[in-house]
Amino acid sequence: MKTFNDLKFKPHPHVDGVISRIQFENGFGASVVKHDFSYGGKDGLYELAVIDTKGDITYSTHITDDVIGYLTEQEVTDLLKEIQQLPNA
């Protein structure tokens with residue numbers, strides 16, 4: 001099971017901050033960001049979006065109908081685990 005520690009952060013291409021994208025075997029994935037304009041970024045917290053097989057944000061799961069902000073590393077891990085347990089996309 002992948003966790004926060006498996007994320008490979010890179011500089012965000014549009015703002016001063018970081019981004020990581022990860023895909024799982026079930027076809028879903030996550031985009032995790034932290035920057036001054038993300039929810040919680042100014043407080044050192046993360047924002048997560050569920051992504052589909054194409055890497056686009058999806059709201060088709062029970063996990064969220066929006067991005068989820070103000071997340072600690074542990075909360076990101078908890079959501080990553082939940083995404084990995086979704087039925088195949």
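## Exercises on strand E4 and the nonpolar core

In this predicted model, the largest nonpolar core has 18 residues, and Leu 48, Val 76, Leu 80 and Ile 83 touch the most other members.

**Exercise 1.** Find which elements give two or more residues to this core.

Solution. Start with the strands: E3 (29–35), E4 (46–51) and E5 (68–71) qualify. Then add helix H1 (73–84). H1 supplies the largest share, four residues.

**Exercise 2.** List what Val 76 touches, leaving out residues up to four places away in sequence.

Solution. Val 76 touches Phe 4, Leu 7 and Val 32. Its list also holds Tyr 46, Leu 48 and Leu 71.

**Exercise 3.** Decide whether Ala 49 is buried or exposed.

Solution. Locate Ala 49 first: strand E4. Its relative accessible area is 5%. Buried means under 20%. Therefore Ala 49 is buried. Now look at its contacts beyond four places in sequence: Gly 29, Ala 30, Ser 31, Ile 57 and Val 67.

**Exercise 4.** Sort the residues of E4 by the way they point.

Solution. In a regular strand, side chains alternate between the two faces of the sheet. Tyr 46, Leu 48 and Val 50 point one way. Glu 47, Ala 49 and Ile 51 point the other way. Six of the six residues in E4 are buried.

**Exercise 5.** Work out how E4 pairs with E3 and how it joins E5.

Solution. Take E3 first: it pairs with E4 in the antiparallel sense, over five bridges. In one of these pairs, Ser 31 has Ala 49 as its bridge partner. Next, E5: two bridges join it to E4, and the strands run antiparallel. Here Tyr 46 stands opposite Leu 71.

Note on methods:
Residues are numbered from 1 along each chain as its sequence is written. This is a predicted model: local features need pLDDT of at least 70, side-chain atom pairs count only at pLDDT 80 or more; totals for chains, interfaces and linings use all residues. Side-chain values use heavy atoms; hydrogens and water are left out. A nonpolar core is a set of buried Ala, Val, Leu, Ile, Met, Phe, Trp, Tyr and Cys residues joined through side-chain atoms within 4.5 Å. Buried means under 20% relative accessible area, exposed over 50%, partly exposed in between (1.4 Å probe, protein chains only). Contact means heavy atoms within 4.5 Å. Two strands pair if DSSP finds at least two bridges between them.
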